[in-house]
Amino acid sequence: MELLAPLAKATYPARTASFSGTAGSTTAWPAGPEGVVVWSDQPCYVAVGEGVTATTADTPIPANTPIPFKVPNNTSGVWRVSAIQVATSGTIYCKPVNAK
């Protein structure tokens, strides 16, 4: 398992967003991180990138399981995480990270 390095709290704070049958998105972060760890209190579909809005065609994640996502390589501006419910509304929790 590869270790992840959380980034500075001031520039890359942890963020949350509520979701339901309508997608919810975090406040944006500036470009720079290699990835973001995402977890949720309910199963949901997740999208990561510039201006994304999650749909049921995005990556599903289980509840209460931290999942690392790569921030897309072509991200040059602000980016965010978005989620939409599988069956129940909930909250996503996200923290930008770099490898090692």
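Trainee: What radius of gyration does the chain have, set against a compact globule with 100 residues?
Mentor: This is a predicted model, where local features need pLDDT of at least 70, side-chain atom pairs count only at pLDDT 80 or more, and totals for chains, interfaces and linings use all residues. Residues are numbered from 1 along each chain as its sequence is written, and side-chain values use heavy atoms, with hydrogens and water left out. The radius is taken over C-alpha atoms, and the globule rule is 2.2 Å times the number of residues to the power 0.38. For 100 residues a compact globule would come out near 13 Å, and that agrees with the chain's value, 12 Å.

Trainee: How many helices and strands are there in the chain?
Mentor: Both are DSSP runs numbered from the N terminus: helices are H or I with at least four residues, strands are E with at least two. Reading from the N terminus, the elements go β-β-β-β-β-β-β-β-β. So, on those definitions, the count is zero helices and nine strands.

Trainee: Which share of contacts between residues at least 6 apart in sequence joins residues at least 24 apart?
Mentor: A contact here means heavy atoms within 4.5 Å. Take the contacts in the chain between residues at least 6 apart, then pick those joining residues at least 24 apart: that share is 76%.

Trainee: Is Asn-64 buried or exposed?
Mentor: Asn-64 is found in the loop between strand 6 (59–61) and strand 7 (67–70). Its phi is near 55 degrees, a positive value in a residue other than glycine. Buried means under 20% relative accessible area, exposed over 50%, and partly exposed in between, using a 1.4 Å probe and protein chains only. Asn-64 has 59%, so the word is exposed.

Trainee: Why is there no bond between the sulfurs of Cys-44 and Cys-94?
Mentor: A disulfide is a pair of cysteine sulfur atoms within 2.5 Å. The closest cysteine sulfur to that of Cys-44 is in Cys-94, and it is too far away for a bond because the gap is 8.8 Å.

Trainee: What relative accessible area does Cys-94 have?
Mentor: Cys-44 is buried, at 0%. Cys-94 is buried too, and its value is 0%.

Trainee: How far apart do the centres of the positive and negative side chains lie?
Mentor: Lys and Arg count as positive, Asp and Glu as negative, while His and the chain ends are not counted. Each charge is placed at NZ of Lys, CZ of Arg, CG of Asp or CD of Glu. The chain has 6 positive and 5 negative side chains, and the two centres are apart by 8 Å.
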